[in-house]
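Here are my notes for you, written as numbered points. Have the structure open while you read, and find each residue as it comes up.

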Amino acid sequence: MAAGVGLAGVMAHCGGSPVGAVELLVGAIASAPAAPEPYAALAELWQDRRSDGLKESLEESGSLSAVPAQAYFLFLEGDMDNAVMALGSVTGVRPDVAWGAAPWFGDARFLGAVSAAALAEACLRTLDYGRDLDSDAMRERFAPWFHALDVVSERDPVPESLAAMARLPRACGRYELSFALCDRADAVDPVMWTALARAATWRAMGNLDQSAAAFERALLLEPDNWSLYLDLADLRAEQGDFAAAASLVDQGLEHEPGEVTLLAASAAYRTRLVGSADDLKSLIALAPSLASTTYRNLLIDYACAGPQLPPELVAEARRIQRSQDG
């Protein structure tokens, strides 16, 4: 859409279809997210057609191109929480577009009203598809998000929400911002989620000792949380300390004795530690029940490196590892 083309021209181009007009305008936004003209046309369309079921028509279309427009319409309606969550959803699908450069996203009305919980959820949605965000280009695209995190976390410092927010800058390699959010959260109330966020950030940076210390703080805050024992056990295994890993998994099993992931990790770490054929048999039996193929294969790698294991059992474990469905 050429700069200066108003709604009338857009509607004429689309044969009078409001949904078609939205798709054209969102295409213009994707090309130049910070340009004000498409938003002005969308605002005019919203004023003219909102009573004609425009919102419902966009929802029925199910088109990705409708989502940035819906986010802006929600902003115009004053629904800042749903606006940011919609923007987070489209950003997760298309992080190659700087959707956050939208003028409304940096508007004081938005930053002064959106809740920390909604912004945190939006951050998580940007990560839903596992895109690689750790690059200079991505950091530049996400700069408006980082500004929003700074403003909203200061205004509404809910510790659990700030810990969730910290995942986005960590994914982008902005570790200092991730830690700053954790510091702000801890100043209000130290909670397990913040310690966990610190642990994940240190781990992403490759500092396993600091990560382990943060996991230990998380366990002090929630000593009955079995998954924290497993997280720390996996970290100790990565460091090569399989005795500590096995001990930690045993502590987790005291809290959740039937958890298959703990049972599999216990079998793997004991196999690696002492070369127990019985434990390797247990791992082979449990492996198909593990939800994560990546984690299953990692445990098998650890176990098969144990001392003096029967070759036929190692071969059986490797066959499971090579299988697609476990």
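**Notes on salt bridges, a helix, a pocket and a cavity**

1. Let's start with a charged pair: Arg270 and Asp250 form a salt bridge, and their closest N and O atoms are 2.1 Å apart. Arg270 sits in helix 18 (residues 260-274) while Asp250 is in helix 17 (residues 242-255), so this pair ties together parts that are 20 residues apart in sequence. Keep in mind that you're looking at a predicted model.

2. Are these two partners buried, partly exposed or exposed? Arg270 has 28% relative accessibility, so we call this residue partly exposed. Asp250 comes out at 27%, which also lands in the partly exposed class. For that class, the value has to fall between the 20% and 50% cut-offs.

3. How many salt bridges does a search of the whole structure find? The count is 13. If you wonder why such pairs turn up, side chains of opposite charge can pair when their charged atoms come close.

4. Now look at a little group: a network of salt bridges links Asp134, Asp136 and Arg139. Arg139 meets Asp134 through their side chains, at 2.6 Å from N to O. Arg139 also forms a salt bridge with Asp136, where the closest N and O atoms are 2.8 Å apart. Asp136 and Arg139 are three residues apart in helix 9 (residues 136-141), so about one helical turn separates them.

5. How exposed are the members of that network? Asp136 counts as exposed, with 61% relative accessibility. Asp134 is partly exposed at 39%, and Arg139 is partly exposed too, at 21%. That last value is worth a second look, because under 20% would have counted as buried.

6. Next, try a quick check on helix 3 (residues 37-49). What span should its 13 residues have at 1.5 Å a residue? The expected value is 18 Å, and the end C-alpha atoms are 18 Å apart, so the two agree. While you're there, pick out the buried residues of helix 3: Pro38, Tyr39, Ala41, Leu42, Ala43, Leu45 and Trp46.

7. Trp46 leads us to the largest pocket, since that residue is part of the lining, along with Leu54, Lys55, Glu59, Val67, Gln70, Phe73, Leu74, Glu77 and Ala86. The space in this pocket is about 220 Å³. Sorted by class, its lining has six nonpolar residues, one polar and three charged.

8. Which helix gives the most to that lining? Helix 5 does, with four residues. Helix 4 (54-61) and helix 5 (66-76) each supply at least two.

9. Let's zoom in on Gln70, one of the pocket-lining residues, which lies in helix 5. Gln70 has a relative accessibility of 18%, so we count this residue as buried. Leaving out residues up to four places away in sequence, Gln70 touches Leu58 and Glu59. Glu59 belongs to the pocket lining as well.

10. Last stop, the inside. The count comes to one cavity of 30 Å³ or more, and the largest cavity holds about 40 Å³ of space. Its lining is made of Ile29, Tyr39, Pro68, Tyr72, Leu87, Trp99, Ala102 and Trp104. You've met Tyr39 already, among the buried residues of helix 3. By class, the cavity lining has eight nonpolar residues, with no polar and no charged ones.

Methods. Residues numbered from 1 in each chain as written. Predicted model: local features only at pLDDT ≥ 70, side-chain atom pairs only at ≥ 80, totals over all residues. Heavy atoms only, no water. Salt bridge = Lys/Arg side-chain N within 4 Å of Asp/Glu carboxyl O. Buried < 20%, exposed > 50% of the residue type's maximum accessible area, 1.4 Å probe, protein only. Expected span 1.5 Å × (residues − 1). 1 Å grid on protein atoms, 1.4 Å probe; cavity = no way out; pocket = protein on both sides within 12 Å on 5 of 7 lines; lining within 4 Å. Points joined across faces, edges and corners; volume = space filled by probe spheres on them. Nonpolar A, V, L, I, M, F, W, Y, C, P; charged D, E, K, R; others polar. Contact = heavy atoms within 4.5 Å.
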